[in-house]
Amino acid sequence: MTKISLLPNRLLRSQMAAGDLLPGVDVSAGETKKVFLGDLLAELGVNRLINAAFRINQLAVSGTVVLAAGVYGHDMWKAGASGCTYTFATSGGVTTLTITAGSLIQVIEGANLQTGTHVLTWAGTVQGKIGAGSFAASGVTGAVTGGANLTIEFGTGTLSQVKLEPGDLGTVFSLPGMMQDDAACRRHYNRVLFLIDTLGPSQVTYALAPIGTPMRATPVVTWSPVSQVNVSAFSLSSPTTTGALGQLVSTAGGAGFWQGTAIFDCRL
């Protein structure tokens with residue numbers, strides 16, 4: 001019989017006794033092996049969710065957030081098939097959502113997943129599910145296929161500190177660095193300040209609208225002007241994972257100027 005001895009379980013959300021067999025720990029039959037929790041967490045404790053603490057809010061949603069089906073609120077989180085209504089508040093560095101109608105989902109990119117059992121944990125009263133599984137309280141498990149996109153979903157109730165990780169035992173929630181969280185969100189959706197001008201009237205100027213964080217795929221690019229002077233036409237075209245080409249045509253009235261937000265979107 002294979003046996004694994006563990007250090008005390010104070011870092012684990014689920015109760016774990018010495019001698020429990022854990023996924024991801026490679027031992028031969030009949031071997032006894034001691035596993036340090038630090039090593040175990042490095043193997044199993046990486047959160048596959050992005051913006052799991054709801055800290056990134058590029059759309060600046062506020063108050064009562066009412067979303068139609070498929071529309072995003074906080075970065076990476078969008079409404080389910082019946083829409084979603086929620087409020088949120090932050091206390092002691094923890095942001096808690098209160099979902100009052102519909103459901104909230106996140107689609108996880110398949111490139112960030114590995115085949116095997118995964119466990120979904122959170123703080124709050126909502127029920128959640130993995131993929132096509134059934135809704136249940138925190139600690140729900142499900143089969144995941146590496147390389148295939150995966151949807152997790154939450155119903156009504158309170159929700160914070162969400163974590164999806166390999167295995168069937170949920171580990172303690174920990175925050176990634178803010179820069180790491182922000183960059184992961186911007187890999188899917190990025191709003192960039194862009195300025196372009198011409199030297200005189202009736203001229204055409206081209207300029208690159210760069211993206212600081214490369215996107216996960218070629219994005220759809222749109223734009224929202226803040227101010228403009230003597231603009232006959234403005235466009236962003238030929239998007240890539242690192243930017244898009246801006247074009248400004250000035251009027252006969254004088255040099256043209258355009259300032260606004262370039263929006264790059266390749267969310268799942």
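Analyst: Strands here are DSSP runs of E with at least two residues, numbered from the N terminus. In this predicted model, Asp-265 belongs to strand 16, which covers residues 257–265.

User: Why is Asp-265 put in its accessibility class?

Analyst: Buried means under 20% and exposed means over 50%, with partly exposed in between. Asp-265 comes out at 22%, so it is partly exposed.

User: Which residue has its C-alpha atom 6.6 Å from that of Asp-265?

Analyst: That's Asn-190, with 6.6 Å separating the two C-alpha atoms. Along the chain, Asp-265 and Asn-190 are 75 residues apart.

User: Now the salt bridges. What makes Arg-55 and Asp-181 one?

Analyst: The rule wants a side-chain nitrogen of Lys or Arg within 4 Å of a carboxyl oxygen of Asp or Glu. The closest N and O atoms of Arg-55 and Asp-181 are 3.2 Å apart, so the pair passes the 4 Å cut-off. By this rule the model has six salt bridges.

User: What does the pair Arg-55 and Asp-181 tie together?

Analyst: Arg-55 sits in the loop between helix 1 (37–44) and strand 3 (65–67), while Asp-181 is in helix 2 (residues 178–186), so the bridge links parts 126 residues apart in sequence.

User: Are Arg-55 and Asp-181 each buried or exposed, and what's the reasoning?

Analyst: Take Asp-181 to begin with: its 6% is under the 20% limit, so Asp-181 is buried. Arg-55 has 24%, which falls between the 20% and 50% limits, so Arg-55 is partly exposed.

User: How do you know that Lys-129 and Glu-153 form a salt bridge?

Analyst: The closest N and O atoms are 3.9 Å apart, and the limit is within 4 Å, so the pair counts. Lys-129 is in strand 7 (residues 128–130) and Glu-153 in strand 9 (residues 150–154), so this bridge ties together parts 24 residues apart in sequence.

User: Why do Lys-129 and Glu-153 get their accessibility label?

Analyst: Lys-129 has 16% relative accessibility and Glu-153 has 17%. Buried means under 20%, so Lys-129 is buried and so is Glu-153.

User: What about Lys-163 and Glu-165, where the N to O value is 4.0 Å?

Analyst: Lys-163 and Glu-165 are counted as a salt bridge at 4.0 Å, as the rule takes pairs within 4 Å. At 3%, Lys-163 is buried, and Glu-165 at 0% is buried too, given the limit of under 20%.

User: Why can Val-204 take part in a nonpolar surface patch?

Analyst: A patch residue needs over 30% relative accessible area and no salt bridge, and nonpolar side chains are joined within 5 Å. Val-204 has 46%, so Val-204 clears the area cut-off while still counting as partly exposed. Its partners are Tyr-206 and Leu-245, and together the three offer about 280 Å² of accessible area. Val-204 lies in strand 12 (residues 204–210).

User: And just before strand 12, what makes Ser-202 stand out?

Analyst: Ser-202 isn't a glycine, yet its phi is positive, about 50°. Ser-202 lies in the loop between strand 11 (189–197) and strand 12. Its relative accessible area is 54%, over the 50% limit, so Ser-202 is exposed.

User: Where does Asn-230 lie, and what is its phi?

Analyst: Asn-230 is in the loop between strand 13 (220–229) and strand 14 (231–240). Its phi is near 50°, positive in a residue other than glycine. At 27% Asn-230 is partly exposed.

User: How do you know where empty space is left?

Analyst: You roll a probe the size of a water molecule over the atoms, and that shows it. A cavity is where the probe fits but cannot get out, whereas a pocket is open. The search gives three cavities of 30 Å³ or more.

User: What lines the second largest cavity?

Analyst: The lining includes Leu-59, Tyr-72, His-74, Asp-75 and Arg-267, around a volume of about 50 Å³. By class, the lining has five nonpolar, two polar and two charged residues.

User: What's in the largest pocket's lining?

Analyst: The largest pocket holds about 420 Å³ of space. It has 20 lining residues, and those closest to its centre are Val-46, Asn-47, Leu-49, Pro-176 and Gln-180. Helix 2 gives the largest share of the lining, three residues. The classes are nine nonpolar, seven polar and four charged.

Conventions:
Residues numbered from 1 in each chain as written. Predicted model: local features only at pLDDT ≥ 70, side-chain atom pairs only at ≥ 80, totals over all residues. Heavy atoms only, no water. Patch = residues over 30% accessible without salt bridge, like charges linked within 9 Å, V, L, I, M, F, W, Y side chains within 5 Å. Areas by Shrake-Rupley, 256 points an atom, 1.4 Å probe, with all protein chains shown as cover. Helix = DSSP H or I, 4+ residues; strand = E, 2+ residues; numbered from the N terminus. Buried < 20%, exposed > 50% of the residue type's maximum accessible area, 1.4 Å probe, protein only. 1 Å grid on protein atoms, 1.4 Å probe; cavity = no way out; pocket = protein on both sides within 12 Å on 5 of 7 lines; lining within 4 Å. Points joined across faces, edges and corners; volume = space filled by probe spheres on them. Nonpolar A, V, L, I, M, F, W, Y, C, P; charged D, E, K, R; others polar.
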